[in-house]
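Me: Please take a close look at the pockets of this model, with most attention to what lines them. I would like one connected account that I can read beside the structure.

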Amino acid sequence: WEGNEPGEQREISYNELHREVSKFSNVLKSRGVKKGDRVSIYLPMIPELAVAMLACARIGAIHSIVFGGFSADALADRIADASCTTLITCNGTHRGDKPVQMKTVADEAMASAEKQMGKAVDTCIVVERIPDSKNVEHDMKDGRDLWYADVMADVSDQSEAEAMEAEDPLFILYTSGSTGRPKGVLHTTAGYMVYASQTHKYVFDYHDGDIYFCTADIGWVTGHSYIVYGPLANGATTIMFEGIPTYPGPDRFWQIVEKWNVNQFYTAPTAIRAIARLGNEYPDQYEMPS
């Protein structure tokens, strides 16, 4: 994981990820989440996002990830449409050098969603992404709002995976809403996993030992498939990047490629066009033989 600020990083083994996912599975179960329940996840590109979605999959809950840049109204509509009574979010984040409120947005969304669906969001688990919530001050509601670190502190790391049928739902992901009301697209377990793993393996020509970097956001289906599910199903080393390509400078992608010896680099044409306009000055500063 490469954070927003250069030098902020984590390396997570499969064993460590399994332990964290098992622990968070038990946290969800302790809050009454069970197979078939929908869980809304509103987080930036931090490791806890992958942990939360995989924990849902482990217990058979259906995750509904909402892009961390969306408004309170957009989040509320998605919570209400899927009848989510559990929300995973964080206190705030940074986009480049700008602090971004997330818990206050989530509070507004939960209030709106509760009116729409006629029942309460009874659990909101909050990751402390910004220490002491500096510049992203927010409230914590007793009984509903829980700090991620607190609920993870003493929970068991043993959690048996729920047996799932091939056609059992895995996740819901909503369309952007640019052409009308957002539509929830439901992906089932087996077909999606086979497709994600095989396309990752053959389209990107992934081989054991390669370092694979998809620059997408997990809030969209590309991030679901080609940062988390596809690479992990293939035992790959996958990079998750929290920041933006122009912070702190327009060379951030190339700095990451050199630093981690990236073999496969998957990004969007829009990003390439924006960077290409700047010429070769930035990529030429880096050694990228990988």
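**The linings of two pockets**

Reply: In this predicted model, the lining of the second largest pocket receives at least two residues from each of helix 1 (14-30), helix 2 (47-59), helix 7 (221-233) and strand 11 (237-239). Among the contributors, helix 2 gives the most, with four residues. The volume of this second largest pocket is about 550 Å³, and 24 residues line it, with Trp1, Arg10, Glu11, Ile12 and Thr238 lying nearest its centre. Sorted by class, the lining of the second largest pocket holds 16 nonpolar, four polar and four charged residues. Both domain 1 (14-188) and domain 2 (192-285) take part, each providing at least three residues of the lining of the second largest pocket.

The largest pocket can be read in the same order. Its volume is about 690 Å³, and the residues that line the largest pocket number 29, of which Phe67, Arg95, Thr215, Asp217 and Gly243 are nearest its centre. Strand 4 (92-95) and helix 9 (269-276) each contribute at least two residues to the lining of the largest pocket. By class, 17 residues in the lining of the largest pocket are nonpolar, nine are polar and three are charged. As for its position relative to the domains, the largest pocket lies between domain 1 (14-188) and domain 2 (192-285), because both of these domains give residues to its lining.

Conventions:
Residues are numbered from 1 along each chain as its sequence is written. This is a predicted model: local features need pLDDT of at least 70, side-chain atom pairs count only at pLDDT 80 or more; totals for chains, interfaces and linings use all residues. Side-chain values use heavy atoms; hydrogens and water are left out. On a 1 Å grid over the protein atoms alone, a cavity is a set of points where a 1.4 Å probe fits but cannot get out, and a pocket is an open set with protein on both sides within 12 Å along at least five of seven lines; lining residues have an atom within 4 Å of a point. Grid points are joined across faces, edges and corners, and a volume is the space filled by probe spheres set on the points. Ala, Val, Leu, Ile, Met, Phe, Trp, Tyr, Cys and Pro count as nonpolar, Asp, Glu, Lys and Arg as charged, and the others, Gly among them, as polar. Domain bounds come from an automatic or database domain assignment.
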